[in-house]
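Thanks for coming, everyone. Let's get the model up on the screen and walk through it.

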Amino acid sequence: MAEIKKSVTIDATANEVFDIVEDPSNFTKFVPNVSEVVDINPTERRIGDTFRVIYKVLGLTFDEKFTTTEYDRPTYLTSAFKGGMNGTFRWSFEPHGRQCQVTVEINYDVAGGALGKAVDAVMLERTNAKSIEGMLENLRRMAVKAESPNV
């Protein structure tokens, strides 16, 4: 199982950053390679929310179904995902005054079959790690821009 863990400090509160991350329709705005988020089905308690994310990595299209498994606003949010890759995606938000340290932990396996055989696992892990770095940087810019009074 591959594991990626990355963090960034953002000049926004945990609540402000959580607002962006908890809405899957925002993914196309800050997650590299995501082309669509569809079939968004929120629930009242948020645990059990489902949505599909369609994205490209290494020229391959992945279609993953995400299900929220943990939700504690504004501390953490975890989703399990299944499709071309299977695993978990956990966001955590640690407040530091008007700033927030955001950490993303992803654990995944590439599904078997033709897709699993076509993917170089080491290359995929490097590409995914780079994508997560870009995602956190985009999130940082998005959160700071949302807070700017001149926007």
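Start with glutamate 137. It sits in helix α4. Is it buried or exposed? Neither label fits: its relative accessibility is 28%, so glutamate 137 counts as partly exposed. Now look across to serine 7. Along the sequence, glutamate 137 and serine 7 are 130 residues apart. In space, their C-alpha atoms are 9.8 Å apart. Keep in mind that this is a predicted model.

That pair is a good way into the contacts overall. Take contacts between residues at least 6 apart in sequence. Of those, 49% join residues at least 24 apart. The protein has 151 residues, and 40% of them count as buried.

Next, the elements. There are four helices and seven strands. Reading from the N terminus, the order is β-α-α-β-β-β-β-β-β-α-α.

Now the sheet. How are the seven strands ordered? They run β1-β7-β6-β5-β4-β3-β2, in an open sheet with antiparallel pairing. β1 and β2, the latter being residues 34–41, stand at the edges. Each has a single partner strand, so one side of each is left without a neighbour in the sheet. From one strand to the next, the twist averages 20°.

Let's take the pairings from the β1 edge. β1 covers residues 2–10, and β7 covers residues 99–110. Nine bridges link them, antiparallel. One to find on the screen: isoleucine 10, whose bridge partner in β7 is cysteine 100.

Move on to β6, residues 85–96. β6 pairs with β7 over twelve bridges, again in the antiparallel sense. Here glutamate 94 stands opposite glutamine 101 of β7. The two strands form a hairpin with two residues between them. Glycine 97 is in that turn, and its phi is positive, about 65°.

Now jump to the other edge. β2 and β3 run antiparallel and are joined by five bridges, with β3 spanning residues 50–57. Asparagine 41 has threonine 50 as its bridge partner in β3.

Stay on β3 and pick out isoleucine 54. At 13% relative accessibility, isoleucine 54 counts as buried. What does isoleucine 54 touch, leaving out residues up to four places away in sequence? The list is Asn33, Val34, Ser35, Glu36, Val38, Thr61, Phe62 and Asp63. Glutamate 64 is ten residues from isoleucine 54 along the chain, and 6.5 Å separates their C-alpha atoms.

Asparagine 33, from that contact list, deserves a stop of its own. It lies in the loop between α2, residues 27–30, and β2. Its phi is near 80°, a positive value in a residue other than glycine. Its relative accessibility is 38%, so asparagine 33 counts as partly exposed.

Arginine 46 is another backbone point to check. Its phi is positive too, about 80°, although arginine 46 is not a glycine. This one is in the loop between β2 and β3.

One more loop. Where is proline 74? It is found between β4 and β5. The peptide bond from arginine 73 to proline 74 is cis, with omega near -5°.

On to helix α1, residues 14–21. α1 lies across β1, β4, β5, β6 and β7. β4 is residues 60–72, and β5 is residues 76–82. Relative to β6, α1 runs at about 155°. Why call α1 largely enclosed by the rest of the structure? Because six of its eight residues are buried. Those are Ala14, Glu16, Val17, Phe18, Ile20 and Val21.

Last stop: the largest pocket. It holds about 500 Å³ of space. The lining has 31 residues, and the closest to the centre are Phe27, Val31, Val53, Phe66 and Phe89. Which elements give two or more residues to that lining? They are β2, β3, β4, β5, β6, β7 and α4, the last being residues 121–147. By type, the lining divides into 23 nonpolar, five polar and three charged residues.

So, to recap the sheet: seven strands, open, antiparallel pairing. And α4, where we began with glutamate 137, returns at the end as one of the elements lining the largest pocket. That's the tour. Over to you.

Technical notes
Residues are numbered from 1 along each chain as its sequence is written. This is a predicted model: local features need pLDDT of at least 70, side-chain atom pairs count only at pLDDT 80 or more; totals for chains, interfaces and linings use all residues. Side-chain values use heavy atoms; hydrogens and water are left out. Two strands pair if DSSP finds at least two bridges between them. Axes are lines fitted to C-alpha atoms, for helices over the stretch in contact, and angles run from 0 to 180 degrees between N-to-C directions. Contact means heavy atoms within 4.5 Å. Buried means under 20% relative accessible area, exposed over 50%, partly exposed in between (1.4 Å probe, protein chains only). On a 1 Å grid over the protein atoms alone, a cavity is a set of points where a 1.4 Å probe fits but cannot get out, and a pocket is an open set with protein on both sides within 12 Å along at least five of seven lines; lining residues have an atom within 4 Å of a point. Grid points are joined across faces, edges and corners, and a volume is the space filled by probe spheres set on the points. Ala, Val, Leu, Ile, Met, Phe, Trp, Tyr, Cys and Pro count as nonpolar, Asp, Glu, Lys and Arg as charged, and the others, Gly among them, as polar.
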